[in-house]
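Let's take a walk through this protein together, one region at a time. Keep the viewer open so that you can turn to each residue as we reach it.

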Amino acid sequence: MESQNKFPRKFKDVSLEELRDKVAEFAKVRNWDQYHSPRNLLLALVGEVGELSEIFQWKGEVERGLPNWSSDDKKHLEEEISDVLLYLVQLADVCGLDLGQAALSKIVKNAQKYPLRD
């Protein structure tokens, strides 16, 4: 599947496995594992999605690539999206799920559910 992203990447690709391992180590050394039940991680994820939503709340539609956004606004967006991703990766890990494989399977399932139209 060809990428539709027309904006250049600035950094190397990072695997979900690497993110999972880093966030697990981060929590472990702080003794936070005791608080990271699936329920608590889901609630934290929902909170972060709320923070992400606030960024767009009063902006209306925005152009791809966010050409009219300041670098500070883009940095804030990047941080909130990262929070969402990290909690999602951690939630999948705590639930014993392979998030990458599940996502690939879902893409296949969606392609079958929504076939190309002539």
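How many salt bridges does the count come to? The count comes to four, in what is a predicted model. As a reminder for this part of the tour, side chains of opposite charge can pair when their charged atoms come close.

Start with Lys 12 and Glu 18. These two form a salt bridge in which the closest N and O atoms are 3.7 Å apart. That pair falls within the 4 Å allowed between a side-chain nitrogen of Lys or Arg and a carboxyl oxygen of Asp or Glu. Lys 12 has a relative accessible area of 59%, so this residue is exposed. Glu 18 has a value of 30% and is therefore partly exposed.

A little further along, Arg 20 and Asp 21 bring their side chains together in another salt bridge, with 2.9 Å from N to O. Asp 21 counts as partly exposed because its relative accessibility is 40%, and Arg 20 is also partly exposed, at 30%.

Now move to helix α3, which covers residues 71-94. Lys 75 and Glu 78 both sit in this helix, three residues apart, or about one turn. Their salt bridge has its closest N and O atoms 3.2 Å apart. Lys 75 is partly exposed, since its relative accessibility is 45%, and Glu 78 is partly exposed as well, with 42%. Returning to the earlier stretch, Glu 17, Arg 20 and Asp 21 are joined into one network by salt bridges that share partners.

Next, look inside. The largest nonpolar core has nine residues: Leu 41, Leu 45, Leu 52, Ile 55, Leu 66, Trp 69, Leu 77, Val 84 and Leu 91. Two elements, α2 and α3, each give two or more residues to this core, and the largest share, four residues, comes from α2. Leu 45 is a good place to see the packing: apart from neighbours within four places in sequence, this residue contacts Val 84, Tyr 87, Leu 88 and Leu 91.

Stay with helix α3 to find Val 89. Is Val 89 buried or exposed? With a relative accessibility of 4%, Val 89 counts as buried, because buried means under 20%. Beyond its neighbours within four places in sequence, Val 89 is in contact with Leu 16, Leu 19, Arg 20 and Leu 99. Val 89 and Leu 41 are 48 residues apart in sequence, while their C-alpha atoms are 9.9 Å apart in space.

Right beside Val 89 in the numbering is Gln 90, another residue of helix α3. Gln 90 has a relative accessible area of 8%, so this polar side chain belongs to a buried residue. Which side chain does Gln 90 meet in a polar contact? The partner is the side chain of His 36, at 2.9 Å. Setting aside residues up to four places away in sequence, Gln 90 touches Val 23, Ala 27, His 36 and Leu 41.

Finally, come back out to the surface. Phe 26, Trp 32 and Tyr 35 form a nonpolar patch there, and together they have about 330 Å² of accessible area. Tyr 35 is placed in the loop between α1 (16-29) and α2 (38-56).

Key
Residues numbered from 1 in each chain as written. Predicted model: local features only at pLDDT ≥ 70, side-chain atom pairs only at ≥ 80, totals over all residues. Heavy atoms only, no water. Patch = residues over 30% accessible without salt bridge, like charges linked within 9 Å, V, L, I, M, F, W, Y side chains within 5 Å. Areas by Shrake-Rupley, 256 points an atom, 1.4 Å probe, with all protein chains shown as cover. Buried < 20%, exposed > 50% of the residue type's maximum accessible area, 1.4 Å probe, protein only. Polar contact = N/O pair within 3.5 Å; in protein donor to acceptor, adjacent residues only side chain to side chain. Contact = heavy atoms within 4.5 Å. Core = buried A, V, L, I, M, F, W, Y, C linked by side-chain atoms within 4.5 Å.
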